Amino acid sequence: LKNDFLAAEKRCLMLKKKMPENSEVNLLFADFLLLRNQPGKAEEFYRKALLLSSDSPVLFLKFSICLKAMGKNVEADKFFQIADKKSVNKTPLILLKMADYFLLSDNYEKAEQSILQAVKQEPEDLSLQKRLAEFYFSTDRLEKAEKFLTRLVDSVPQSVYLKKMLADTYISLNKLELAEKMITTLGNFLNDENPEYELLKGKYWFHKSNFVYAATHLESAVALIPGSSSAHYFLGIAYLAAGRNQLAENSLKKAVFTNPQNVKAALLIADIQYKKNRYDLSLAYLNQILESEPENYRGHMLKGINLIALKKYDSAAIEFGTALKISSVSCDPLYFLALTAELSGKDDIAMEYYNKILSIHPDLADASYRYVMLLFRTKEFKKADEFVLHNIEKNPENPYSYYTAGMLFLRDKKLDQAKEYFTKAILNFNKPEPAYLKLASIQEQQGDINKAVATLEMCVKKNPYYTYGWLDLAQLYLKNGMAVKALDIMKKAEKIIPDSPRILANLAWLYIENNSDLDLAFEFARRAYKKMPQDSSIADTLGWAYYKKGLYAQAVWILSEAEQKAPANGMILYHLGMALYSQGKMVQAKDKMQKALKYNLPESCIREINQRVMDSKPRHDSCEFLKSDLFEIDKTSPFSVNGQGEDHCDDSLQIRIPKSRILELQEEQEYSDEGILQPQWQNNE
């Protein structure tokens, strides 16, 4: 049963055939099925074993554990009580089974007491002491695990297993020097062909933030034990940390395949699918998780967020309500309940939730911000003013309070007051980053371009990894006729944030429109698309790069894909029409171009469309914008808020700058890639 399920199954079937009415055989077969994660089938054989023999408390305990695993809590408790009454003298075996039951019931205190009692009965039994150490480690009681294992390793220095567990505990506690010493000691007993040793080294390097080394050792562990779900899981995490997202997804899928009960891996895959806008696939994983673990808090939260993305707000609210029942101490479910109510147009209900959140945690920035914007939208202007000013008075060290005040006055078109509060947020706290963008926007509106440039330059200097600071700075240079300067800014941004798909896509676009290096433009566009294939504007950029290189078939393919994602984007329709025209597909080209004219296009594009539609012969000279008006009248629609649907027009020129910003009130909530379950409430980094 420990190492060869196939052989175990053959022997179980043979025994069952020879002795179908034997209680122990039925019990053995039930144990086998439970190990195979088939509790439904196991239940049938446990019941049969009980009918044949009802004297064994171990049998009752095993059956109660099976029922507990299936969520049949009432019946499970009933059989556990019977087992407890039958166990007059509790042997270590019975105590360990009771501990298993308590673990499934999340009663860690009683589980610990049962194992300690077993150890007390037989203090020389090393297996019982190992079990206690495993309990401490698996339930994250790491300080207890360290203390107990240190003493145990000293008393049994020849045990490699205990040394491995202690090294693992040191890693989990981030005591990496002690972990390194223990791993070095283990090296005297083991070699690199030992999978658990490779797994340990992989975890060690991961905690040292050397993800390349970590992946190397974890790859070795997976090669040595391809059936290890744990090894695949840790390799997936290492790949994720190294930015190798597709490899990470593959490893996590293998972790789930080798062990369908690996909930951590399944949750990560669901998270990845959500971020790729594959909501139905994400929900499929989450439904499977919640079927086996109906009280999984993160599962319900993530399911709710997927449902928000699908605009199924009532269903989402049910999931967040369930999550709130599971963890009433967290404000996250309340926040998302408020958000779903707001998105459903139930402003009064949203207001109640925001009030409840702020009564518990008055300094939560996102909740304060959305509450104020909701007051503004429902024309509660006086109440909104009083709230933000009271918030600043009460929390003068909270930069988000100043940002919220700035946004309120900006919405009320009181630019000088808005500018004052954005300036305070920046000068006193250097955050939040969107405050720089709002301040620069006001300065630009008031005609002070030099100050706007200085503000954005300060933003990228103090916050070099803030993508939108670079994008807005490049946009500002473009709008003021400094295309070369804009290109230089994006080159610098790419050096600092080489993995940002938005930086890569914008850089590709600038190269294309400056006609400076089409090969480099294509490479940047390709890299951006690989990282964010679901974004319609990034797909459009790659398609336009194909077009500019004269690869019209590829351009049509990728631009058609972009059109499916954003059918109401005039620029994508225009580009697709140009590509079809260059293929000689005149009827299709004319259809796309005429549709494109319904949207807000640059004058240069409109002239080009009129010329092509009137021309009966296809031309293969590609679309060259007039240099005189390239950066003066060319107002393209920017990147979409969430990579799908209609883009929102901005005052940006040919560079594609998102209009949406963090914390800005939108009809649709945008979630960052960094942690979808935690709103950005924190006032510190």
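Where is Lys 413 found? In this predicted model, Lys 413 sits in the loop between H24 and H25, helices being DSSP runs (H or I, at least four residues) numbered from the N terminus. Residues are numbered from 1 along each chain as its sequence is written. Local features need pLDDT of at least 70, side-chain atom pairs count only at pLDDT 80 or more, and totals for chains, interfaces and linings use all residues, while side-chain values use heavy atoms, with hydrogens and water left out.

Lys 413 is not a glycine, yet its phi is positive, near 60°. With a relative accessible area of 70%, Lys 413 is exposed (exposed means over 50%, buried under 20% and partly exposed in between, with a 1.4 Å probe and protein chains only). Asn 277, another residue other than glycine, has a positive phi of about 65°. Asn 277 belongs to the loop between helix H16 (263–275) and helix H17 (279–292), and at 22% relative accessibility this residue is partly exposed.

A cis peptide bond leads from Lys 431 to Pro 432, with omega near -5°. The loop between helix H25 (415–429) and helix H26 (434–445) holds Pro 432.

Turning to the interior, the largest nonpolar core (buried Ala, Val, Leu, Ile, Met, Phe, Trp, Tyr and Cys residues joined through side-chain atoms within 4.5 Å) has 140 residues. Among those touching the most other members are Ile 308, Phe 320 and Phe 422. Not counting residues up to four places away in sequence, Phe 320 has contacts (heavy atoms within 4.5 Å) that include Met 301, Ile 308 and Phe 336. A second, separate core of 61 residues includes Cys 66 and Phe 102.

Technical notes: Helices (H or I, at least four residues) and strands (E, at least two) are DSSP runs, numbered from the N terminus.
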